[in-house]
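Subject: The structure you asked to look through

Hi there,

Here is the structure, ready for you to open beside this message. Have a look at it first, and then read on for what turned up.

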Amino acid sequence: MSDFFNQVSRRKFIATAGASAGAVFLKGCLGNPPEPGSGGGTANQSTTQPVANVSADQQPETTKVKLGYIPIVESAPLIIAKEKGFFAKYGMTDVEVSKQASWGAARDNVEIGSAGGGIDGGQWQMPMPHLITEGKITKGNKPIPMYVLCQLITHGNGIAIADKHKGKGVTLQLAGAKSLFAQMKSSPAPFTAAKTFPAVNQDFWIRYWLAAGGIDPDADVKLLTVPAAQTVANMKTGTMDAFSTGDPWPYRIVKDKIGFMAALTAEIWKDHPEEYFAMRAEWVDQHPKATKALLKGIMEAQQWLDNFDNRKEAAEILSGRNYFNLSADILLEPFMGTYDMGDGRKINDKSMAALYWKDSKGSVSYPYKSHDLWFITESVRWGFLPPDYIANKGEKAKALIDKVNREDIWKEAAKEAGFTADIPTSTSRGVETFFDGIKFDPEDPEAYLKSLKIKKVNI
Ligand code: CA
C-alpha cells in the first residue's frame, strides 16, 4: 500500500470522530424528503409482489435501494431515472437518491451499506470503486468489494480561476502564465488550487492541465481538498486561486463575477471518462436482476438527457430544492454547450456539453476497461499507487479492473432493454489523445508514463 493512502486513511480516521456526528446529522438534513415511489409506480411495493409490466424472468429481487449522489451534473442520470419514472418502469419502485455532503461522506456511507444507515452505491469519481475494493481509502484499510456498472457522464467539468488572475495567461495553454506561477511560487502565498477529493478525477484534471503547461502540481503550487460548495466561498475571500470540479460550480463563479474558466475538461480531453455508477459487490451479487433494472433505468435517463429538447426540464428538476437547490439558469447554459468562460472566451458547441449516452467516440454509458486503466495509470504517475500496477503492460491493474469493472452486466442490461445497437464491440476504446498531443495506448501504459515530462513516478 502506498504511503499516500495510508496518510489519507489515517487523516480521515482522526477526523472521523468529529465528522461522523455531522455526517449523521447531514443525512437527515440534506437528504431528499422520504417520499417513496415519487418517481412513479406504487409506493412501498412489497418485494415479493411481481411488478406490473416487467416480464417474469426480469422481476427484480427487491424494489428498494439507496444510492448516493453529489449535487453536480454527473448525478443527473440517477435523479432523472427516479423523477421521470425510469427506475419504476423496470420495477425499481423504491429507489432513494440521497445527497452526500462530500466524497468522503459518500465513501463512509458505502462502507456501511444501507443496512447500516449508509448507501448501497451511487455516483463515484474514479478510481474510488477500485480503491475502496482494495481497502486503500477505507477505515482500517478494510477491503469493500465494489462493481463499476456504467459511466454516468462525459464532460461537464472545468478549471475555475480567481478573477484577480484575469489577463495573465492562465488559459488552456499555460505558456503565457509561466512568470505568474514562478513569481507566486517564491512568494508567501503560492498559487493555491482545490480539488474535491485526493487522487481522483478532479485532482487528475487539474494536475494534467498544470503539468502539460510545465507547472509541477506537487512542487510549483499548493493543492488542497475542499468540498465544491466551499471553494466558491474561498475564492470570494481570495484564499483560493483555482479549483477543479463539476458543473454548476465552475460556471457559477463566472455568473457570480468572482472568476473565470481557464479550461473545460472537454478541451483537455474530448469525450473523456468522467464519473461512474458503482455499487457494493455484495448488493449486486444478491440482487442481479434488480441491478440490471437499475442499469436499464439509468440508460433510459441517459438517452432522455441527451435529447437537448429535454435539457430545460432536466435543469429545472436538478436545480430543485430537493436536489441542487440553485437557480436553473446556472445549469441550463452549460447544459446546452453554451459556456461564457468569463475571460472573453465563449464556447457554443453541443459536443462540448455534458453528454450522458453517446459522444463523438461512441458510448458514454458503457464502462470501457481501457478508461479504468488510464485512471490507475494516472494514479501511478502521481505516486498515489506503486508502479507495479502498470508493470508488464499493466498486468496487476488489469487484474483489479477485471474484478471491479462489470461491463458484462452493462451489456446484459442493454440487451434486455433493447439497446443492442449501442453496445460497443470492444472493451478498449483504443488509443486516446490529449490536448497537448500526448497519447495513452491502453496496450502500453508504461510508454504513456515515459512520454510525460512532469510526473512523480520514476520511470
Ligand atoms: Ca467530476
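Let me start with a question: are E274 and E275 buried or exposed? This is a predicted model, and in it both E274 and E275 are buried.

**The calcium site**

Those two residues also belong to the metal site. The calcium ion is coordinated by E74 (OE), N157 (OD1), Q202 (OE1), E274 (OE) and E275 (OE), at 2.1 to 2.5 Å. If you want to find the donors along the chain, look for the spacing E-x82-N-x44-Q-x71-E-E.

**The chain as a whole**

The protein chain has 459 residues, and buried ones make up 59% of them. Its secondary structure comes to 18 helices and 16 strands. Of the contacts between residues at least 6 apart in sequence, 76% join residues at least 24 apart. The accessible surface is about 17100 Å², with 52% of that belonging to carbon and sulfur atoms.

**A five-stranded sheet**

One part worth turning around on your screen is an open sheet of five strands, in the order 7-6-8-5-9, with mixed pairing. Strand 7 (222–225) and strand 9 are at its edges with a single partner strand each, so each has one side without a neighbour in the sheet. From one strand to the next, the twist averages 25°.

Within the sheet you can find both directions of pairing. Strand 6 (residues 192–195) and strand 8 (residues 242–246) run parallel and are joined by two bridges; here A194 stands opposite F243. Helix 7 packs on the sheet, where it touches strand 5, strand 6, strand 7, strand 8 and strand 9, and its direction makes about 135° with that of strand 8. Helix 8 (residues 228–236) packs on the sheet too, touching strand 5, strand 6 and strand 8, and its direction makes about 150° with that of strand 8.

Strand 5 (residues 157–162) and strand 9, by contrast, run antiparallel, with five bridges between them. In this pair G158 stands opposite L264. Although strand 9 stands at an edge of the sheet, it is mostly covered: six of its six residues (259–264) are buried.

**Nonpolar cores**

Which residues touch the most other members of the largest nonpolar core? They are W124, I161, V170, W209, W374 and Y448, in a core of 82 residues. Helix 7 (residues 201–212) gives the most to this core, with seven residues. W209 is a good one to click on: leaving out residues up to four places away in sequence, W209 touches I159, I161, V170, T171, L172, L174, A262, A263 and I268. Apart from this core lies another, of 56 residues, which includes I79, F277, M279 and I423.

**Helix 4**

Why can helix 4 be called largely enclosed by the rest of the structure? Eight of the ten residues of helix 4 (residues 103–112) are buried, so the description fits. The buried residues are W103, G104, A105, A106, R107, N109, V110 and E111, and you will see that charged side chains are listed next to nonpolar ones. Just after the helix comes G113, with a positive phi near 70°.

**Some backbone details to check by eye**

Two cis peptide bonds are easy to miss when scrolling through. One joins M126 and P127, with omega about 0°; P127 is in the loop between strand 3 (121–124) and helix 5 (128–133). Another runs from D247 to P248, with omega near 10°, and P248 lies in the loop between strand 8 and helix 9 (249–255).

There are also positive phi values in residues other than glycine. H155 has phi near 65° and lies in the loop between strand 4 (146–151) and strand 5. With a relative accessibility of 0%, H155 counts as buried. D271 has phi near 60° and is found in the loop between helix 10 (265–268) and strand 10 (276–280). D271 counts as buried as well, at 1% relative accessibility.

Happy to go through any of this with you.

Best wishes

Terms used
Residues numbered from 1 in each chain as written. Predicted model: local features only at pLDDT ≥ 70, side-chain atom pairs only at ≥ 80, totals over all residues. Heavy atoms only, no water. Donors = N, O, S within 2.8 Å, 3.2 Å for Na, K, Ca; no water. Buried < 20%, exposed > 50% of the residue type's maximum accessible area, 1.4 Å probe, protein only. Helix = DSSP H or I, 4+ residues; strand = E, 2+ residues; numbered from the N terminus. Pairing = 2+ DSSP bridges. Core = buried A, V, L, I, M, F, W, Y, C linked by side-chain atoms within 4.5 Å. Contact = heavy atoms within 4.5 Å. Areas by Shrake-Rupley, 256 points an atom, 1.4 Å probe, with all protein chains shown as cover. Axes fitted to C-alpha atoms, helices over the stretch in contact; angles between N-to-C directions.
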